[in-house]
Amino acid sequence: MREGGPVEREAPDFEAETAQNESTMPMVSRLANFINTATAEVMEANKTLSHMAVTDRLTQLYNRGEIQRRINERILAHCADPTGENVTSLVMIDLDDFKHINDTCGHQEGDQVLIAVSGLIREAVTALDGASGGRWGGEEFMLLLPGLNADRAAEAAESLRVKIEALTFTLCKGETASFGVAQALPGEAPDPLIFRTDEALYAAKRDGKNRVCVAE
């Protein structure tokens, strides 16, 4: 039994409680908005980092590691029967006498040549379904052309060769390129295919440069 008289209790202040809830809601909303914004920024940053990891900074083409990965993936997936839809060709490109441009016109002009040629390469691979282009190293580039046999790949290379030859620059008179083309053979691994493409390129160099040579 309770001693003393009844304890008076204050009636709940519903108006104050409602006001407090209303003042809390904007804070919750701001917190949710902050979290959403931060998440979007992190996702965008990750996307940017992923792009940078596979892209050559100067030319904005794929870098050596990424174009090599794509070649390996394509060739190994279809090496048993590289015919029909599985046919694949590689095109290796090397700018002719590029050292002369750097030595006589400067490296900035050389960079402009690389950027202009890379722009043509991007246009070429965009027009070909599933194609990829990358900077192989220095003034060398590599094209992966799924679905194209050696003849069609050579046609694409010739079209690109003509466009490169037609480029004009501020200081140097112009630039040409040599091309090597090779089609994947049954059972052929990526490295031997790349070697044959490289051999075809050197054959184009030996034959006078500024031309397309197809591997036997």
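Okay, let's start with a side chain sitting on a ring: R64 lies over the face of W136, 3.7 Å from the ring centre. Keep in mind that this is a predicted model. And what about ring against ring, how many aromatic pairs does the count come to? The count is 0 aromatic pairs by the rule used here.

Now, helices. Two packed helices get described by the angle between their axes and the distance between those axes. The pair I want to show you is α2, residues 64–78, and α6, residues 190–206. Their axes come within 9 Å and cross at roughly 115°. The crossing of α2 and α6 is right-handed.

So which residues of α2 and α6 meet? On the α2 side you've got Q68, I71, N72, I75 and L76. Across from them, α6 brings P190, D191, L193 and I194. Sort that α2–α6 contact by class and you get 6 nonpolar, 2 polar and 1 charged residues.

Last stop, the loop between α6 and β5, with β5 being 212–214. Two residues in there are worth clicking on. K209 sits in that loop, and K209 has a positive phi of about 70° even though it isn't a glycine. Is K209 buried or exposed? Somewhere in between: K209 counts as partly exposed because its relative accessible area is 30%, and buried would need under 20% while exposed would need over 50%.

N210 is in the loop between α6 and β5 too. Its phi, for N210 that is, is near 50°, again a positive value in a residue other than glycine.

That's what I have, thanks.

Terms used
Residues numbered from 1 in each chain as written. Predicted model: local features only at pLDDT ≥ 70, side-chain atom pairs only at ≥ 80, totals over all residues. Heavy atoms only, no water. Axes fitted to C-alpha atoms, helices over the stretch in contact; angles between N-to-C directions. Helix = DSSP H or I, 4+ residues; strand = E, 2+ residues; numbered from the N terminus. Left-handed = near helix turned anticlockwise from the far one by under 90°. Contact = heavy atoms within 4.5 Å. Nonpolar A, V, L, I, M, F, W, Y, C, P; charged D, E, K, R; others polar. Phe/Tyr/Trp six-rings, centres within 6.5 Å; stacked < 30°, edge-to-face > 60°. Lys NZ or Arg CZ within 6 Å of the ring centre and 35° of its normal. Buried < 20%, exposed > 50% of the residue type's maximum accessible area, 1.4 Å probe, protein only.
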